[in-house]
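Trainee: I've got a model open on my screen and I'd like to learn how to read it. Could you walk me through it?

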Amino acid sequence: MRNSLILLILLTSLFSCITKNEKIEVVEEEKVFVTYELSPMASLMERMYAESLLMKGHIVEKNTNVVVSTDFIKELEFAALTVPSDKDAFFEIQMKEFVDLYTSLESQEVIKKESYNAMIQSCLSCHQVKCTGPIERIKKLIIK
Ligand code: HEC
């Protein structure tokens, strides 16, 4: 039981933003199964993370004419959040700033490191207030 508790604590700290959504079932005394579903917004965020990581690779390798995916941008406006009240005025302002910075990268023949880092900073500005869990992960996207 003690091991299960430690596992449970580890898992809940991993999914820091979405602890409210997870269903925890204790099946046997020694086995704990944790299942959780990502909200539409959290899934989009994972997509944004993956796109940013790809972009970071292109910039580091100095690739030209990189195709920046923007198809997910329109979904950001309507995607439901795990905690609906998180979508407040602060969120809307920060999201607009992020979208502007992100879409501005589309037109750059060689994506500038500074423009990319400014986009990642806008992820962090929102996360510092709204969802602190993934901050360390997002910081790794910054190009030094
Ligand atoms: C306007 C605010 C805002 C911006 C900008 C923003 N995020 Fe988020 N992010 C959130 C919120 C709120 C959640 C929690 C969503 C939910 O649980 O429904 C979240 C969740 C996440 C998650 C966790 C998803 C999961 O698996 O639960 C990651 C990773 C993430 N964001 C990365 C990023 C990255 C990378 C960027 C920039 C490319 C970014 N975010 C921009 C507010 C923002």
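Mentor: Let's start with the vocabulary: helices (H or I, at least four residues) and strands (E, at least two) are DSSP runs, numbered from the N terminus. Residues are numbered from 1 along each chain as its sequence is written. This is a predicted model, so local features need pLDDT of at least 70 and side-chain atom pairs count only at pLDDT 80 or more, while totals for chains, interfaces and linings use all residues; side-chain values use heavy atoms, with hydrogens and water left out.

Trainee: Which residues have a positive phi without being glycine?

Mentor: Lys-62 has a phi near 55 degrees, and Asn-65 has one of about 50 degrees. Asn-65 sits in the loop between helix 2 and helix 3, and Lys-62 is placed in the loop between helix 2 and helix 3 (73-76).

Trainee: Is Lys-62 buried or exposed?

Mentor: Buried means under 20% relative accessible area, exposed over 50%, and partly exposed in between (1.4 Å probe, protein chains only). Lys-62 has 68% relative accessibility, so it counts as exposed. Asn-65 counts as exposed because its value is 56%.

Trainee: How many residues surround the ligand?

Mentor: A residue is near a molecule if one of its heavy atoms lies within 4 Å of it. Here 25 residues surround the ligand, and Met-45, Glu-46, Cys-123, Cys-126 and His-127 are the closest. Helix 2 (40-60) gives the largest share of that shell, 7 residues.

Trainee: Which side chains make polar contacts with the ligand?

Mentor: A polar contact is a pair of N or O atoms within 3.5 Å; within protein, one must be able to donate a hydrogen and the other to accept it, and residues adjacent in sequence count only if both atoms are side-chain atoms. Ser-39 has a polar side-chain atom 2.6 Å from a ligand oxygen, and Thr-82 has a side-chain N or O atom 2.6 Å from a ligand oxygen. His-127 puts a polar side-chain atom 2.8 Å from a ligand nitrogen.

Trainee: What are the protein donors of the iron atom?

Mentor: Donors are N, O and S atoms within 2.8 Å of the metal (3.2 Å for Na, K and Ca); water is not among the atoms, so sites may look incomplete. For the ligand's iron atom, the protein donors are Met-45 (SD) and His-127 (NE2), 2.0 to 2.2 Å away. That pair links distant parts of the chain, with Met-45 in helix 2 and His-127 in helix 5, 82 residues apart. His-127 counts as buried because its relative accessibility is 11%, whereas Met-45, at 26%, counts as partly exposed.
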